[in-house]
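Here is a short report on a protein and its bound ligand. Have the sequence and the 3D view open while reading.

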Amino acid sequence: MEQTFLMVKPDGVQRNLTGEIVNRFERKGFKLAGAKLMQISDELAKTHYGEHEDKPFFGELVQFITSGPVLAMVWEGDNVIATARSMMGKTNPLEAAPGTIRGDYGVTVGKNIIHGSDSPESAEKEINLFFGDNDIITYSKQDSDWIY
Ligand code: DAT
Ligand code: MG
């Protein structure tokens, strides 16, 4: 089944939104396959956001994502990559629809609460960057027959 990498950013952790965010994906019907609270190093931040290294906001982005603990997670389910992106809302919270995480809780593009992989390629890359094979749990849940 498809997996994606989701991360509650430092602002989400500080603002006590981790429970709310986990709750949304759990209640949607997705399955948590891995999670860890971690402090991202400068090196990991630069690798993770490597596609943005030429952007004017890159320095600010790296500084922000390393400014406090994040909750890194792997979530699993049918079409979880695209569905999680739509549950997150647009990058700029001002454009994110109400009902989405960024639309409900964010105000600025710099502090937009959550990261989510944007394609199968980035999901694979990001999961491998943040998690080892032993950190990801394969298990069955009793609700799956009521979701699929
Ligand atoms: P997303 O996080 O929706 O995948 P992205 O990959 O384009 O968005 O950018 C990564 C992060 O960089 C984004 O979550 C917030 C920050 N960012 C993007 N555009 C920005 C901008 N114009 N000014 C400041 N920060 C920005
Ligand atoms: Mg992105």
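The text below covers the annotated domain, then the ligand site. The model is predicted.

**Domain**

UniProt, in an unreviewed entry, places the feature "domain: Nucleoside diphosphate kinase-like" at residues 1-138. This span is 41% helix and 17% strand. Its end C-alpha atoms lie 11 Å apart.

**Ligand site**

Where does ligand 1 sit? Ligand 1 occupies the largest pocket. Around ligand 1 are Lys9, Tyr49, His52, Phe57, Leu61, Arg85, Thr91, Arg102, Val109 and Asn112. By class, this shell holds four nonpolar, three polar and three charged residues. Arg85, a member of the shell, is placed in helix 5, residues 80-88.

The table lists side chains with an N or O atom paired with an oxygen atom of ligand 1.

| Side chain | Distance to an oxygen atom of ligand 1 |
|---|---|
| Lysine 9 | 2.9 Å |
| Histidine 52 | 2.9 Å |
| Threonine 91 | 2.5 Å |

Taken alone, ligand 1 exposes 520 Å². The protein buries 76% of that area.

**Match with the record**

Which residues does the UniProt annotation "binding site" cover? The unreviewed entry gives Lys9, Phe57, Arg85, Thr91, Arg102 and Asn112. Of these residues, the lining of the largest pocket includes Lys9, Phe57, Arg85, Thr91, Arg102 and Asn112. The shell around ligand 1 also includes Tyr49, His52, Leu61 and Val109.

How values were computed:
Residues are numbered from 1 along each chain as its sequence is written. Chains are lettered from A and ligands numbered from 1 in the order in which they are written. This is a predicted model: local features need pLDDT of at least 70, side-chain atom pairs count only at pLDDT 80 or more; totals for chains, interfaces and linings use all residues. Side-chain values use heavy atoms; hydrogens and water are left out. UniProt positions are given in the numbering used here, feature names are shortened, and annotations may be inferred rather than shown by experiment. Helices (H or I, at least four residues) and strands (E, at least two) are DSSP runs, numbered from the N terminus. A residue is near a molecule or strand if one of its heavy atoms lies within 4 Å of it. A polar contact is a pair of N or O atoms within 3.5 Å; within protein, one must be able to donate a hydrogen and the other to accept it, and residues adjacent in sequence count only if both atoms are side-chain atoms. Accessible areas come from the Shrake-Rupley method with a 1.4 Å probe; for residues, only the protein chains shown count as cover. On a 1 Å grid over the protein atoms alone, a cavity is a set of points where a 1.4 Å probe fits but cannot get out, and a pocket is an open set with protein on both sides within 12 Å along at least five of seven lines; lining residues have an atom within 4 Å of a point. A molecule sits in a cavity or pocket if more than half of its atoms lie within 2 Å of its grid points. Ala, Val, Leu, Ile, Met, Phe, Trp, Tyr, Cys and Pro count as nonpolar, Asp, Glu, Lys and Arg as charged, and the others, Gly among them, as polar.
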